[in-house]
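Please work through the exercises below with the sequence and the structure open beside you. Try each task on your own before reading the solution beneath it.

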Amino acid sequence: MSDGIRLFLIFLAAINPPAIALSTPALSSAVRRRAVALALVVAGVIYILAALTAERFLDALDIAPETFRIAAAIVMAPAGMYAIFRARVAAESAEESWRAGIFPLALPLLVSPATLAAAISIGVDDGAGKAAAALAVPLVLAAGLAFAGAGRWRPAADGLARMLGALLVALAVALVVDGVRAV
Amino acid sequence: MMTRMWKGLSVTLGAWAAGALLLRVLVVPGQHCPALTSADALQGARDAGAWMARVQRDDGSYLYEYDIEANRPVPGYNAVRHAGVTMALYQLAAYGEPGDGADVLATADRGLAWLQANLVSYDGWTALRDPDDGAIESGGNALLLAALAQRRIATSDGRYDGLMRGVGAYLRVMEQSDGSFLLAWLPTTGKPDPTQRSKYATGEAFWALALMHRLFPGEGWDEPARTVADYLALHRDTVEKQDYPPWADQWAAYGLAEMAAWPEAALGPVLNDAQITYARSLADRFGFLVRVESQRTGSWFSTLIQGRESRAAGMGTWVEALDSLWILASLDPRMEDLRGKLGERAICAAGMLRDRQVTPTEAPRYRNTDVAAGAWFTNGVTRMDDQQHALSGLLRSRAILAAGGKRNE
């Protein structure tokens, strides 16, 4: 598997767009449009900052990137398990306002501990550019599905969300192995 | 009044912070690599060498093990470790500063005299025989040969060349066709014991044979060395049923680095791809061990969560291995991508070693200053191989520091 595909799959499984489609709170169309746009901007800024500052962040914490892979995997695995069993992202309902773009759409739907840990780990291992490139499609896809909602595709989204949850668990296991089997 | 957004956000971020804190405390505490300079590393090695000189007895043997809290020696002796300590002293003579040579050589030569007093010869070979149990083991003889090789590197003195060839001949008797080494030669049967292998001896013998080819090229020592290298790279972990391969074998790392520097390396890579893959797996293993160790602080909480700090005999082997793999990475382009990390981990572990060593100025705090100075203690006990491996690791880390592979200097 090429590095690009691996990174894309990590972010796709960590963000889990179908789970976000199923977890997005009920909002009117106008509010939803503004909230999703705001969430996309907020999430994008957070991810870019995370990837750009990843190395300094780990240096400040005195953690080797290889060791952080293990920590990232430990954060990702429970998120994957949650998605397997609930087909949702853990989040609450929101008020009918643009503020829903910050909570819960940006945090914790588009930006979750699992995705943030992945962004930091990939940012320091592969560089911020690769992290951003791998993240862009899953993020935009998730935002699009958050806007569109699952609608009549709910059963399909439910199945896909669980599958991506399983993929995230598998990738987390691989990341632990990678962290252990690294200099 | 707090809006729903702020309340939800606060709860979310609070939960994340709590999770991050838990993760930090339980899984990823900070990794601490004490600063180390080349002078520190050399001084640590010298202090360990001085320990060996102080605890050496008149017959050339060393103090084997000592409980500093009870202020008494722990009974026992081990001929293999004696050979290892003597080898480390010759390394200090070979790779220390010119001024280190004379005193260290005198101590090491007394250690060698003890080994020579316990030699047996049979059917064209010569070997060390353990005076306690009469065992003629591959491991001790491999380290005897490595010690003689280090002596020759340090002095260019050829007086023991015959003995080296004799011990080398013994090792060839002990090597099986697949490259593995049997544990011991049995005087009762006049043959190697076919039932026991040694997970240590194979790597030790590999390094010794690789050194023989460096010192005596053209005598055919390369072929048995290559056979062992293939066994280590391809079969050892399976045949010897290692639960978590690869077996963390610093002697194998020594041997691979030595092979990579053989004279024929000028014509092309000496190591095959399988051996490089094996070297990379060793790099991963030793790197991981250092990362875990660097998270330990010795506090009760760290001991509970991360386990207790490793003894110097163990940590020293990690530094020896990483030093060797760094040399290999400096010589073979197939390892070049790991060179920086290998250097970083080696210096980190060497820094921890130096930090945990009892320096001569700290020694008066202990009940026996002579035994404390220059030593490493685990639960109040030091054994001579603590000083052996730590000395070798610290000494050889200087090459990395000199090349700029330092982190905290």
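The exercises that follow concern a predicted model, and each task is followed by a worked solution.

**Exercise 1. Describe the interface of chain A and chain B, beginning with the residues in contact.**

Step 1. Begin with the contacts, where 28 residues of chain A meet 25 residues of chain B.

Step 2. Turn next to area: the two chains bury about 2400 Å² between them, and 65% of this lies on carbon and sulfur atoms. Of the area that chain A buries against chain B, 29% is supplied by A:Asp62, A:Phe103 and A:Val183, which is more than any other three residues supply.

Step 3. Look then at the polar side of the interface, where eleven residue pairs, both residues at pLDDT 80 or more, are in polar contact. On the side of chain A that touches chain B, the elements giving two or more residues are helix 4 (65-86), helix 5 (102-110), helix 6 (113-126) and helix 8 (154-180) of chain A. The largest share, seven residues, comes from helix 4 of chain A, and the residues of this side divide into 19 nonpolar, four polar and five charged.

**Exercise 2. How many salt bridges are counted between chain A and chain B, and which residues are linked with A:Glu66 in a network?**

Step 1. The count between the two chains is two salt bridges.

Step 2. In one salt bridge, B:Arg345 pairs with A:Glu66, and their closest N and O atoms are 2.9 Å apart.

Step 3. A:Glu66 is linked with B:Lys341, B:Glu344 and B:Arg345 in a network of salt bridges.

**Exercise 3. Consider salt bridges over the whole structure, and find what the pair A:Asp126 and A:Arg6 ties together.**

Step 1. Over all chains, a search of the whole structure finds 34 salt bridges.

Step 2. Among them is the one between A:Asp126 and A:Arg6, with the closest N and O atoms 3.8 Å apart. Because A:Asp126 lies in helix 6 of chain A and A:Arg6 in helix 1 (residues 3-15) of chain A, the pair ties together parts that are 120 residues apart in sequence.

Step 3. For a second pair, A:Arg99 and A:Glu95 meet through their side chains at 3.5 Å, N to O. A:Arg99 is partly exposed, with a relative accessible area of 26%, whereas A:Glu95, at 19%, is buried, since buried means under 20%.

Step 4. In chain B, a salt bridge joins B:Arg159 to B:Asp157, the closest N and O atoms being 2.6 Å apart. Here B:Arg159 counts as exposed at 58% relative accessibility, while B:Asp157 is partly exposed at 21%.

**Exercise 4. In the open sheet of chain B with the order 2-1-8, which strands stand at the edges, and why is one side of each left without a neighbour?**

Step 1. This open sheet has three strands, and its pairing is antiparallel.

Step 2. Strand 2 (72-73) and strand 8 (381-383) of chain B stand at the edges, and because each has a single partner strand, one side of each is left without a neighbour in the sheet.

Step 3. Strand 1 (residues 65-67) of chain B is joined to strand 2 of chain B by two bridges, and B:Asp67 has B:Arg72, in strand 2 of chain B, as its bridge partner.

**Exercise 5. Is B:Glu336 buried or exposed?**

Step 1. Locate B:Glu336 in the loop between helix 12 (312-331) and helix 13 (339-356) of chain B.

Step 2. With 54% relative accessibility, B:Glu336 counts as exposed, because the class begins over 50%.

Technical notes:
Residues are numbered from 1 along each chain as its sequence is written. Chains are lettered from A and ligands numbered from 1 in the order in which they are written. This is a predicted model: local features need pLDDT of at least 70, side-chain atom pairs count only at pLDDT 80 or more; totals for chains, interfaces and linings use all residues. Side-chain values use heavy atoms; hydrogens and water are left out. Contact means heavy atoms within 4.5 Å. Buried area is the accessible area (1.4 Å probe) that two parts lose on being put together, summed over both. A salt bridge is a side-chain nitrogen of Lys or Arg within 4 Å of a carboxyl oxygen of Asp or Glu. A polar contact is a pair of N or O atoms within 3.5 Å; within protein, one must be able to donate a hydrogen and the other to accept it, and residues adjacent in sequence count only if both atoms are side-chain atoms. Helices (H or I, at least four residues) and strands (E, at least two) are DSSP runs, numbered from the N terminus. Ala, Val, Leu, Ile, Met, Phe, Trp, Tyr, Cys and Pro count as nonpolar, Asp, Glu, Lys and Arg as charged, and the others, Gly among them, as polar. Two strands pair if DSSP finds at least two bridges between them. Buried means under 20% relative accessible area, exposed over 50%, partly exposed in between (1.4 Å probe, protein chains only).
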